[in-house]
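Student: I would like a close look at a single part of this structure, followed from one element to the next. Please give the cut-off for each term where you use it.

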Amino acid sequence: MISISRFFNPEDGAEKEKKTLPLVPLRDIVLFPFVTTSIFVGREKSIKALSQAMGGDKKIFLTTQKDPEVLKPTIEDIFQVGTEARITQLLRLPDGTVKALVEGVARGCIVKMHDQDGFQVVDYVDVPEKPLTAANTEAAIRTVHEAFKHYAGLSGVVSKSFFKGLDALEQYPSRYADTIAAQMPFKVQDKQKLLECGDIEERFFLLLTFIQKETEVFSMSQKIKGRVKEQMDKLQKRHYLNEQMRAIQKEMGEDGQGGEFADLEKKIKAKRMPKEAAGVVRTELEKLKLMSATSSEATVVRNYIDWLVSLPWYRKERVKNELSKAEQILDRDHYGLRKPKERILEYLAVQILVKKIKGPILCLVGPPGVGKTSLARSVATATGRSFARISLGGVRDEAEIRGHRRTYVGAMPGKIIQTLKKVGYNNPVFCLDEIDKMTSDFRGDPSSALLEALDPEQNKNFNDHYLEVDYDLSEILFITTANTLHEIPAPLRDRMEVIQIPGYTDYEKYQIATGYLIPKQIHENGLDDCEISFSKAAVEMIIKQYTKEAGVRNLERELSSVLRKIATEIVRTQTRKKHLVTANTVSKYLGQTKFRNSILEQEDKTGIVTGLAWTQAGGELLTIEAVTMPGRGKVMVTGKLGDVMKESSQAAVSYVRSRSADLKIREDFYKDTDIHIHVPEGAIPKDGPSAGIAMCTAVVSILTGRPVSRTVAMTGEITLRGRVLPIGGLKEKLLAAHANGIKKVILCDENKKDIIDVPKAIQKQLDIVYVENMAEVLEHALIV
């Protein structure tokens, strides 16, 4: 930055020479003295500064910003040396900006900047100039003149009249240099250096350096343009010669591409396509014939034609409509799953009666490992259709669904169209796996792109960005799978028929293991059914003590692990004797048990309540503990709980305080007692409102000293008035309660309607109590 001391020294008395003018900071413009230019002003402070100047002597101080993007420049954001200027014309434009015609008067160096009446004002001093000797003046002007004339001859941007005016300035070296500098397309930083240079000899030297540099840059750019033009001429010449060769070959009956085009035309005629698609293909083929075979555009058009011709527009598979056989296939492949099977059979029954129905959009929702994807595969087998699967987990690009525009390099259709081409039929069973795992980013929202494909009213005219013609998806039977329903966007969820697939009971897992998994794994591990057998106790032990899941994936892994170890024994000993896996030998193959049969307390205790929770893997028991300690009424909640669960704990404590008299608790207990509520397994995140009544019961228990029955579990949301609200995931929660030895379960009265989904055998073994308020909960949970 230039030093003020070069132009202003208060000790020398130069302070009297200070001047004050309104300031207008400029963007990407440097104004030189005695040069006239137009400036456009839009900032409020700058407009006010111009108005102030017009009301006085029409003088303004102009300097350039270091960063043109700064909206409110300070003294640090502008160059210190600027130009005192005179406003010769001012025009207000309709958009609110102001156009001003200004003429530079003299260089000035800013001493101070401050605000005044809504605009900026600067104190400045004139920049003194060091003149040239007569001999130096003539040499400097002649050298710069020749360099400038050479540049003007190359660029052609300077008029002859400009040189006439320039000749008249030879007796004013400073103005001569500034006039040329203003005419040249220098960088802002270079022009600022010229403006700050008070030594005229040094200014001419800098000006000559910048002109020579600009001349070299201009010459180089002209060379590059010439090379590009030469290359373009070569390409045009090559295209012209190619066209001539094609014409000659055609006359001689040796057209190199004629045979290829003839094959394409045959394919197009043989292909049954919609009228719109057929018209587009023929138009593209005519364009292809006019193109050079070596051009990149010809490759794009050829690929597009191949895609349109290869799609199965009307090619269908014959659907099997034998209801009884379809039912046998579904029962053979999957145990249970009554509702999904019923819905598939309903669809087939309607298809038998009606020639064509809109393909339903089914959404199978359930925890991992319950057989959602394999059920979709079985539907394809039962209906005699091809099976196509697309995994949507982690898909975040809309083009994955709807394709890319053909303008992009390497463009392709979306996954739906690609899969249909691979399958070869337009009515497969289409499984969109993990539809709840899609995400969106700057490339678009793939879930929104699926809205058209998964709407029976719209997918008859599905438009892929690459094809740009409508494709009929209405014949496809779409089956989507998801672990959780709430993560699917509402508009997409509304288009699908949701079928819940809950977790399996221990009885169901036993049936699946003996009927499906064990025979499958015996075959896959190269063993014989006659050599291997599992006792009932062994299978039940693996289910209860080595796996803890809603589905059967881990169960299959553990069974496979047992069979692999037996296979290793057979290979080592070279004897194929009969192996019986019993409860006593399971630990030999699988090691120590991984889970306890039950996590219940050994005796009834105060402040410890068993709640019920739902996870993606099924139901879980949730232990909730509460303790009191001397304090000032503080409530602490720990266990990595979410906001909703923390609010439930606050609501529970507020209920207890409001009903302390009814609960026979000291009314001012909160004044000298702190309450700490903790949910063990603190590393696992937990959230949701359904632990509200359990937290309230734990607080009442610890404050009254009444223990809670260890065989009672509860789930429900609590209000401040003590009402118990319904919860979701009832079947999974009751299965978890039953599996862990719970005898009594307390539920909201409004959950009675959901009990139909719970197996009858589980209902008979549990004492299910329905309550409406917290008083009833305490009556059943606390021991007198």
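Tutor: What follows is a walk that begins with one strand and moves outward through its partners. The model is predicted, so that local features need pLDDT of at least 70 and side-chain atom pairs count only at pLDDT 80 or more, while totals for chains, interfaces and linings use all residues. Residues are numbered from 1 along each chain as its sequence is written, and side-chain values use heavy atoms, with hydrogens and water left out.

The starting point is strand β7, residues 361–365 (helices, H or I with at least four residues, and strands, E with at least two, are DSSP runs numbered from the N terminus). Of the 5 residues in β7, 5 are buried (under 20% relative accessible area, with exposed meaning over 50% and partly exposed lying in between, for a 1.4 Å probe and protein chains only). In a regular strand, side chains alternate between the two faces of the sheet. Both faces of β7 are covered, with I361, C363 and V365 buried on one side and L362 and L364 buried on the other.

Two strands pair with β7 (pairing requires that DSSP finds at least two bridges between the strands). One of these partners is β12, residues 477–482, which pairs with β7 in the parallel sense over 5 bridges; the other is β13, residues 497–500, which also runs parallel to β7 and is joined to it by 4 bridges. L364 takes part in both pairings, since it stands opposite T481 in β12 and has I499 as its bridge partner in β13.

T481 leads on to D433, a residue of strand β9, which spans residues 429–433. Leaving aside neighbours within four places in sequence, D433 is in contact with T373, R389, I390, S391, L392, G393 and T481 (contact means heavy atoms within 4.5 Å). D433 counts as buried because its relative accessibility is 4%. The side chain of D433 also makes a polar contact of 2.9 Å with the side chain of R389 (a pair of N or O atoms within 3.5 Å, of which, within protein, one must be able to donate a hydrogen and the other to accept it, and residues adjacent in sequence count only if both atoms are side-chain atoms).

Strands β9 and β12 meet again around helix α15, residues 446–453, which is largely enclosed by the rest of the structure because 6 of its 8 residues are buried. These buried residues are P446, S447, A449, L450, E452 and A453. They pack against β9 and β12, and also against α13 (399–402), α14 (415–423), β10 (462–463) and α16 (490–494).

The last stop is the loop that leads into β12. Here E475 forms a salt bridge with K316, with the closest N and O atoms 3.2 Å apart (a side-chain nitrogen of Lys or Arg within 4 Å of a carboxyl oxygen of Asp or Glu). The pair links distant parts of the chain, as E475 lies in the loop between β11 (470–471) and β12, whereas K316 lies in the loop between α9 (296–310) and α10 (323–333), 159 residues apart. The two partners fall into separate accessibility classes: E475 counts as buried because its relative accessibility is 15%, while K316, at 47%, counts as partly exposed.
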